[in-house]
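Please open the model in your viewer and keep the sequence panel beside it, so that each selection can be followed in both places.

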Amino acid sequence: MKNFKFHVDGTSPKEGEVFVFGSNLRGYHGAGAAEEAYRNYGAYMGIAEGMSGQSYAIPTKDEHLKTLPMSEIKIHVKRFIDYAHAHPDVQFFVTRIGCGYAGLSNFKMASLFADAPDNCSFATGWKPYLLGED
């Protein structure tokens, strides 16, 4: 079984950790974790996906702020996982992406991160799903 790391929901990343949040394809970070990424972790307006500042955006909504289909979200999550694998020296602080304004279930979203590397820490709300305790 994979050895996942967890952090308490609602806490902040430690110094040097990258804040990973759900975004929209417009790159407008106006609410929820996206707003926090913009205000506190250097996310750039207009950057819908990937690294900016000390944050990493994963799209869960389209440019009209409608939730993307899971098949599209899965592609964006895989890009993040590939990026995290390619940067083992970086620690990623993953929020409960897609479970707020996008309205997706913890189970659906957490399952997309099953192949995430050890340099990722996840919100405790996903613990039962990542560890198969549900």
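Which residues are buried in helix 2? Before answering, bear in mind that this is a predicted model. Now select residues 70–86, which form helix 2, a run of 17 residues that reaches 24 Å from its first C-alpha to its last, close to the 24 Å expected at 1.5 Å a residue. Within this helix, the buried residues are I73, H76, V77, F80, I81 and A84. If you turn the view to look down the axis of helix 2, these buried residues fall within an arc of 145°, so they line one face of the helix. On the face turned away from that buried side, colour S71, K74 and A86, which are exposed.

Next, show what lies over the buried side. The cover of the buried residues of helix 2 includes strand 2, strand 4, strand 5, helix 3 (106–111) and strand 6 (120–123).

From that cover, pick out strand 2, residues 18–24, where 6 of the 7 residues are buried, so this strand is largely enclosed by the rest of the structure. Strand 2 runs parallel to strand 4, and 6 bridges join the two; to see one of the positions concerned, select G22 together with I58, its bridge partner in strand 4. Strand 2 also pairs in the parallel sense with strand 5 (residues 92–94), over 3 bridges, and here V20 can be found opposite V94 of strand 5.

Move now to strand 4, residues 55–61, and select T60, which lies in it. Is T60 buried or exposed? Its relative accessible area is 3%, which is under the 20% limit, and T60 is therefore counted as buried. Leaving aside neighbours within four places in sequence, display the residues in contact with T60: G22, S23, K66, T67, L68, I73, I97, G98 and A102. Two of these names have already come up on the tour, since G22 is the bridge partner of I58 and I73 is among the buried residues of helix 2.

Finally, zoom out to the whole chain, which has 4 helices and 6 strands, arranged from the N terminus on as β-β-α-β-β-α-β-α-β-α. Its radius of gyration is 13 Å, close to the 14 Å that the globule rule gives for 134 residues, so the chain is as compact as a globular protein of that length. Along its principal axes the C-alpha trace spans about 40 × 30 × 25 Å, and buried residues make up 43% of the chain.

How values were computed. Residues are numbered from 1 along each chain as its sequence is written. This is a predicted model: local features need pLDDT of at least 70, side-chain atom pairs count only at pLDDT 80 or more; totals for chains, interfaces and linings use all residues. Side-chain values use heavy atoms; hydrogens and water are left out. Buried means under 20% relative accessible area, exposed over 50%, partly exposed in between (1.4 Å probe, protein chains only). Contact means heavy atoms within 4.5 Å. Two strands pair if DSSP finds at least two bridges between them. The expected span of a helix is 1.5 Å times one less than its number of residues. The arc is that of the directions from the helix axis to the C-beta atoms. The radius of gyration is taken over C-alpha atoms; the globule rule is 2.2 Å times the number of residues to the power 0.38.
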